[in-house]
Structure formats: C-alpha cells, structure tokens
Amino acid sequence: ISHAWMQHQNNPKHPYEGTTFPLADKDGAYTWCKAPRLSGEVVQVGALSRQVVNGHPLIRDLVAESGGNVRNRVIARLLEIALVVTAMEGWARQLRPKEPFCHHARMPDEAEGFGMIEAARGSLGHWMRVRKGRILNYQIVAPTTWNFSPRDAGGVRGALEQALIDAPVRKGEKDPVSVQHIVRSFDPCMVCTVH
C-alpha cells in the first residue's frame, strides 16, 4: 500500500493479516488500489493469463509472437466465450432443480478461511477471520486489483502501468485512444478494486 491512499504498514501483509484503513491525504499516493504480489512478482490475471496457463496453442503462439498486448487480451476473451458456452451447456444438463443447492452451517466462534475462484476478469480471493462469533477481518483481492496495481514499495509498476509505458499519443490528442484501448483491454472493474 506504499502508493495507495491507505494508512502505512511496516511491510507487506498476507490478506489474513491485511488492513484497509483509508488515508486520503497520504504523500506519494495516487490510487485506492493495493499492490498485491505473488512471491514478490507482478501478476496479470484474466482470459489471456488463463489461456496461457491452460496451454491454448493460439494464445501461446500470439503471446510468444507479441506478448501480452491489447489484441491478444481481446482475442483471449473472445476465445473464452466459445469455450465457456460449451461448458455451460454441460453444467446446465447437470442441474437438478429440486435438489439442495445451499448447505447451511452454524457460524463458529473462532475460524479463518479463504475462498479463491477464477472470475471472468481473473483471479479473485477472499480471506476472513472470525473471533468470538464475529468477523474480525475480511480482505478481498479482486482481479482488477492485480491488474491495476500501483507501484509497490520497491517502485515496481503493476501490470497496467507497465503496459502503458510508451503508449502512442497522436499529436494534439487530449484523450489518447491507445491509452483507452490498453486500459479497457484489462476489463477493469474499479469498484471491485477499492475493497
């Protein structure tokens, strides 16, 4: 949170230990977004990343040829539409309308847990700690938080900031189209980022 409008912490925290306390007039801050890292590394999440990890030959070839760019992020999203529609047909056939779909349990007095899922925009994680039957701490790392991460304490830029370096700006352009294309190719949800 070194560049976020949040109260300073001595060092990075795991989401179980993380806090989110706003500090709107913090010097050097320029965002409400935290800077999550995986083993100290910047991570880009979303359709392009998923399909590279899944080994899709078209996406792997495109990334090998030209990297993680606007075109390749959009093609990966289009590809996933086709893949997900087929999967959804199978999921729909598995539905049993009269079977239970939710299992209720008693809230424990002491617990901690996390939930991780691959959402449309990318990797989403929730971490929660319960003490004395109440939520003690709840932290979310949303896909846009990964992609729109600001610089970290070491000055390393997040995925979007890196993608914007050397974006072309036409002479006289007040709202650079290339910047808009780059930002939108990450499929941002800024509301989810500012948890």
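This report walks through a three-stranded sheet, two helix packings and a cavity in a predicted model.

Residues are numbered from 1 along each chain as its sequence is written, and side-chain values use heavy atoms, with hydrogens and water left out. Because the model is predicted, local features need pLDDT of at least 70 and side-chain atom pairs count only at pLDDT 80 or more, while totals for chains, interfaces and linings use all residues.

**The sheet**

Let us begin with the strands, which are DSSP runs of E with at least two residues, numbered from the N terminus; helices are runs of H or I with at least four residues. Three strands form an open, antiparallel sheet in the order 1-2-3. Strand 1 and strand 3 are at the edges with a single partner strand each, so one side of each has no neighbour in the sheet. From one strand to the next, the twist averages 15°. Two strands pair if DSSP finds at least two bridges between them.

Strand 1 (residues 111–119) and strand 2 (residues 122–131) run antiparallel and are joined by nine bridges. Between them sits a hairpin of two residues. Two bridge partners help you find your way here: Gly-115 is matched with His-126 of strand 2, and Met-116 with Gly-125 of strand 2.

Strand 2 also pairs with strand 3 (residues 134–141), in the antiparallel sense and over seven bridges. Gly-125 has Val-141 of strand 3 as its bridge partner. The hairpin of strand 2 and strand 3 has two residues between the strands, and Lys-132 there takes a positive phi near 55°.

**The helix packings**

Two packed helices are described by the angle between their axes and the distance between the axes. Axes are lines fitted to C-alpha atoms, for helices over the stretch in contact, and angles run from 0 to 180 degrees between N-to-C directions.

| Helix pair | Angle | Axis distance |
|---|---|---|
| Helix 2 and helix 3 | about 175° | 10 Å |
| Helix 1 and helix 2 | roughly 110° | within 8 Å |

Helix 2 (residues 57–66) and helix 3 pack at about 175°, and they are therefore roughly antiparallel to each other (an angle over 145 degrees). Their contact, meaning heavy atoms within 4.5 Å, is made by Leu-58, Ile-59, Leu-62, Val-63, Glu-65 and Ser-66 of helix 2 with Arg-71, Asn-72, Ile-75, Ala-76 and Leu-79 of helix 3. By class, this contact has seven nonpolar, two polar and two charged residues. Here Ala, Val, Leu, Ile, Met, Phe, Trp, Tyr, Cys and Pro count as nonpolar, Asp, Glu, Lys and Arg as charged, and the others, Gly among them, as polar.

Helix 1 and helix 2 cross at roughly 110°, which makes helix 1 roughly perpendicular to helix 2 (65 to 115 degrees). Leu-48, Gln-51, Val-52 and Val-53 of helix 1 meet Ile-59, Arg-60 and Val-63 of helix 2. Five of these contact residues are nonpolar, one is polar and one is charged.

**The cavity**

On a 1 Å grid over the protein atoms alone, a cavity is a set of points where a 1.4 Å probe fits but cannot get out, and lining residues have an atom within 4 Å of a point. Grid points are joined across faces, edges and corners, and a volume is the space filled by probe spheres set on the points. A search of the whole structure turns up one cavity of 30 Å³ or more, and about 100 Å³ of space lies in the largest cavity. Of its 14 lining residues, Val-45, Gly-46, Ala-47, Arg-77 and Ser-185 are the closest to its centre. Helix 1 (47–54) and helix 3 (70–94) are the elements giving two or more residues to this lining, and helix 1 has the largest share with three residues. The lining divides into five nonpolar, five polar and four charged residues.

Conventions: 1 Å grid on protein atoms, 1.4 Å probe; cavity = no way out; pocket = protein on both sides within 12 Å on 5 of 7 lines; lining within 4 Å. Parallel < 35°, antiparallel > 145°, perpendicular 65-115°, else oblique.
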